[in-house]
Amino acid sequence: MNFPFLKNIILFPLLFIAIHSTAQSNITFDAGQVFSTFKFTDAQGEQEKGFSNNISGCFSLGYYEEESGSKKMAYDLYKKSCDGKYYVACYNLGYLAMKEGKDELARKYLKLACDMKLADGCNNLGNLEAKYKKMVMAISYYKKSCDLGDQMGCLSLKMANGKK
């Protein structure tokens, strides 16, 4: 029997251990080198075999870079992962852009996340629309977020509708 998901269960903790240990030992970790090894194939997200082709690994490195303060590298890694149809990366890219005031970029990626039924993407897209006083759009995104089970989306919807 072949269990390809098992390699992810084993390899991802090893990646985090490697990243953590290099950070603790003052050894430079060059995510750019790792980033250049990530490859993606067709639109279905089919990947060549091997850890270096795993889009969720690319996402994990993006998260590491964001937490380390390297926003440019985080953007690049999240975008690569999002382009590979890993929609949590689209959300993170949109949210990062929103925090930095890059609203058009945020709108693009939060919409992708929301369209793929990531409730947080819908709620934050609603927040972005509310910022520009587009309340009809904001309410529609809050409603979608709430319908997807996000309590923050439900609260945002109540507040936008003037209910307490």
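Among contacts in the chain between residues at least 6 apart in sequence, what percentage join residues at least 24 apart? In this predicted model, the share is 46%. The chain holds 9 helices and 0 strands, and reading along the sequence gives the pattern α-α-α-α-α-α-α-α-α. Of its 164 residues, 37% are buried.

A good place to begin is the largest nonpolar core, which has 20 residues. Within this core, Tyr78 and Leu125 touch the most other members. Four helices each supply at least two residues of the core, namely α4 (71–83), α5 (87–99), α6 (103–115) and α7 (119–131). The largest share, 6 residues, comes from α5.

Tyr78 deserves a closer look. Leaving aside residues up to four places away in sequence, Tyr78 touches Phe59, Gly62, Tyr63, Glu66, Ala89, Asn92, Leu93 and Leu96. Another residue to view together with Tyr78 is Cys58, which is found in helix α3. The two are 20 residues apart along the chain, and their C-alpha atoms are separated by 7.2 Å. Cys58 has a relative accessible area of 0%, and since buried means under 20%, Cys58 is therefore counted as buried.

The packing of α3 against α4 comes next. These two helices meet at an angle of about 160 degrees, and their axes lie 8 Å apart. Because angles over 145 degrees count as roughly antiparallel, α3 is roughly antiparallel to α4. The crossing of this pair is left-handed. On the α3 side, the contact is made by Ile55, Cys58, Phe59, Leu61, Gly62, Tyr63, Glu65 and Glu66, while α4 brings Lys71, Met73, Ala74, Leu77, Tyr78, Lys80 and Ser81. Sorted by class, the residues in the contact of α3 with α4 are 9 nonpolar, 2 polar and 4 charged.

Helix α3 (residues 55–68) also packs against α5, here at an angle of about 20 degrees and with the axes 10 Å apart. Angles under 35 degrees count as roughly parallel, so α3 is roughly parallel to α5. The crossing of α3 and α5 is left-handed. From α3, the residues Phe59, Tyr63 and Glu66 meet Val88, Ala89, Asn92, Leu96 and Lys99 in α5. The contact of α3 with α5 comprises 5 nonpolar, 1 polar and 2 charged residues. It is worth following Phe59, Tyr63 and Glu66 through the structure: they take part in the contact of α3 with α5, they appear in the contact of α3 with α4, and they are among the residues that Tyr78 touches.

Further along the chain, α6 and α7 pack at an angle of about 145 degrees, with 8 Å between their axes. Here too the crossing is left-handed. The α6 residues in this contact are Asp103, Ala106, Arg107, Leu110, Lys111, Ala113 and Cys114, and those of α7 are Gly121, Cys122, Asn124, Leu125, Leu128, Glu129 and Lys131. By class, the contact of α6 with α7 has 7 nonpolar, 2 polar and 5 charged residues. Leu125, listed here on the α7 side, is one of the two residues that touch the most other members of the largest nonpolar core.

Technical notes
Residues are numbered from 1 along each chain as its sequence is written. This is a predicted model: local features need pLDDT of at least 70, side-chain atom pairs count only at pLDDT 80 or more; totals for chains, interfaces and linings use all residues. Side-chain values use heavy atoms; hydrogens and water are left out. A nonpolar core is a set of buried Ala, Val, Leu, Ile, Met, Phe, Trp, Tyr and Cys residues joined through side-chain atoms within 4.5 Å. Buried means under 20% relative accessible area, exposed over 50%, partly exposed in between (1.4 Å probe, protein chains only). Contact means heavy atoms within 4.5 Å. Axes are lines fitted to C-alpha atoms, for helices over the stretch in contact, and angles run from 0 to 180 degrees between N-to-C directions. Angles under 35 degrees count as roughly parallel, over 145 as roughly antiparallel, 65 to 115 as roughly perpendicular and the rest as oblique. A crossing is left-handed if the near helix is turned anticlockwise from the far one by less than a right angle, and right-handed if clockwise. Ala, Val, Leu, Ile, Met, Phe, Trp, Tyr, Cys and Pro count as nonpolar, Asp, Glu, Lys and Arg as charged, and the others, Gly among them, as polar.
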